[in-house]
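Colleague: I'm new to this one, so could you walk me through it with a few questions and answers?

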Amino acid sequence: MLKLENISVRFSGLVAVDNLTMEVKDKTIHSLIGPNGAGKTTVFNAISGLVKHDGRVLLDGKDITHLPVHKRVYHGLGRSFQNIIIFKYMTVLQNLMIGYHSKLQYNHFDEIVYTNRFTLEERKARLRAIEVADLLGIKTILGVYAGTLPYGFQKLIDVGRALMTEPKILLLDEPAAGLTEKESDILKEKIIRIRDNGITVFLIEHDMRMVLDISDRITVINFGKKIAEGTAQDVVNNEEVIKAYLGTAVTVQ
Ligand SMILES: Nc1ncnc2c1ncn2[C@@H]1O[C@H](COP(=O)(O)OP(=O)(O)OP(=O)(O)O)[C@@H](O)[C@H]1O
Ligand SMILES: [Mg+2]
């Protein structure tokens, strides 16, 4: 579903991503882990078209290396960000509908005169929001103001917004950051559900309990370079991964 070929990203002298080649298979949960500053978010930025890079990015067989951000979304890339963006004074439904934006076909003129096309697009966005809410199990709170919800729900809305464009692959950057153990367990179930609905998930996460539990495959980077790749079992038994990231030996349940 996603192929990265020799991706390198440089920031004035610093090599943040160093000749990274990897592949994320269709309908899997693939995690990207590594120490702080290893270059994980930068890899996502390269995939999304937010930083200049060397190498090629292929999405579902199509070379998207030179496409602008919105066209990558059109080709099936969905993304949530490390820092959550929630509109507190909007309802859950409205927050989700914002994610449909890149698919909306109307222009500002339509918005002003409220043409049929506008109402049709709005209706499609609304229907998609309901589908997404259904998938994430948050249908009953669609009318609630997002700001009044616990942090765990706000994270789900953030994930839901990235699902609005019906992505083939969803990039999640530390979705469990700041969640309680219970909230992160709920999120874990939702991510599995997303994959089981046919959407490939590419996950950056420091919560190793989550990573080891749900990943079909894991890639480990350090100083922008791949140091290990494989199943949870492979990765936790890798000496270099223990030294660079895990610190102590971890057992996979
Ligand atoms: N826009 C930028 N300009 C300059 N340097 C940057 C920029 N973005 C990231 N970096 C640097 O690139 C390196 C990789 O950063 P990145 O944010 O990708 O790490 P990360 O693996 O996501 O870390 P974390 O786990 O803390 O989120 C770091 O040294 C960071 O300071
Ligand atoms: Mg990061």
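Colleague: Let's start with a side chain. Is Glu131 buried, partly exposed or exposed?

Modeller: Keep in mind that this is a predicted model. Buried would need a relative accessible area under 20% and exposed one over 50%. Glu131 has 46%, so the label is partly exposed.

Colleague: And which side chain does Glu131 meet in a salt bridge?

Modeller: Side chains of opposite charge can pair when their charged atoms come close. Glu131 sits in helix H5 (residues 116-136), and its partner lies in H5 too, three residues apart, about one turn of the helix. That partner is buried, with a relative accessible area of 12%. The N to O distance is 2.7 Å, and the partner is Arg128.

Colleague: Helix H6 has a pair like that as well. What is the N to O distance between Arg161 and Asp158?

Modeller: Arg161 and Asp158 both lie in helix H6 (residues 151-163), three residues apart. An α-helix has 3.6 residues a turn, so residues three or four places apart point the same way. Arg161 is buried at 10% relative accessible area, and Asp158 is buried at 9%. Their side chains meet in a salt bridge, N to O, at 3.2 Å.

Colleague: Now helix H7. Which residues are linked in a network of salt bridges with Lys188?

Modeller: Start with Asp185, whose side chain meets that of Lys188 in a salt bridge of 3.4 Å, N to O. The two are three residues apart in helix H7, so about one helical turn separates them. Lys188 is buried at 8% relative accessibility, while Asp185 is partly exposed at 28%. The network goes on from there, and the residues linked with Lys188 are Asp185, Arg209 and Asp213.

Colleague: How many salt bridges does the count come to?

Modeller: For this count, a side-chain nitrogen of Lys or Arg has to be within 4 Å of a carboxyl oxygen of Asp or Glu. The pair of Arg161 and Asp158, at 3.2 Å, is one example. By this rule the count is 17.

Colleague: On to the strands. How many of the five residues of strand E8 are buried?

Modeller: In a regular strand the side chains alternate between the two faces of the sheet. In E8, Thr200, Phe202 and Ile204 point one way, Val201 and Leu203 point the other way, and all are buried. Strand E8 (residues 200-204) is therefore largely enclosed by the rest of the structure, and the number of its residues that are buried is five.

Colleague: Which residue of E8 is the bridge partner of Leu170?

Modeller: E8 pairs in the parallel sense with strand E3 (residues 29-33) over four bridges, and there His30 has Phe202 as its partner. Strand E7 (residues 169-173) also runs parallel to E8, joined by five bridges. For Leu170, the bridge partner in E8 is Val201.

Colleague: Which helix makes a β-α-β unit with E7 and E8?

Modeller: We've already met this helix, since Lys188 and Asp185 are in it. The unit is right-handed, and the helix, residues 181-196, is H7.

Colleague: There's one aromatic pair in the structure. Is it stacked, edge-to-face or tilted?

Modeller: The ring centres of Phe44 and Phe202 are 5.2 Å apart, with the planes at 50 degrees. The pair links distant parts of the chain, with Phe44 in helix H1 and Phe202 in strand E8, 158 residues apart. Both Phe44 and Phe202 are buried at 0% relative accessibility. Planes under 30 degrees apart would count as stacked and over 60 as edge-to-face, so this pair is tilted.

Colleague: What about helix H1 itself: how many of its nine residues are buried?

Modeller: The buried ones include Lys40, Phe44 and Ser48. Just after H1, Gly49 takes a positive phi of about 85 degrees. H1 (residues 40-48) is mostly covered, and its buried residues number eight.

Colleague: Last one, out on the surface. Which residues form a nonpolar patch with Ile98?

Modeller: Ile98 lies in helix H3 (residues 92-98). At 32% relative accessibility Ile98 counts as partly exposed, and a patch takes residues with over 30%. Together the patch has about 240 Å² of accessible area, and the residues that join Ile98 are Ile85 and Phe87.

Notes
Residues are numbered from 1 along each chain as its sequence is written. Chains are lettered from A and ligands numbered from 1 in the order in which they are written. This is a predicted model: local features need pLDDT of at least 70, side-chain atom pairs count only at pLDDT 80 or more; totals for chains, interfaces and linings use all residues. Side-chain values use heavy atoms; hydrogens and water are left out. Patches are made of residues with over 30% relative accessible area and no salt bridge: like charges are joined within 9 Å, nonpolar side chains (Val, Leu, Ile, Met, Phe, Trp, Tyr) within 5 Å. Accessible areas come from the Shrake-Rupley method with a 1.4 Å probe; for residues, only the protein chains shown count as cover. Buried means under 20% relative accessible area, exposed over 50%, partly exposed in between (1.4 Å probe, protein chains only). Two strands pair if DSSP finds at least two bridges between them. A crossover is right-handed if, with the strands pointing away from the viewer, the path from the first strand over the helix to the second runs clockwise. Rings of Phe, Tyr and Trp (its six-membered ring) pair if their centres lie within 6.5 Å; planes under 30 degrees apart count as stacked, over 60 as edge-to-face and the rest as tilted.
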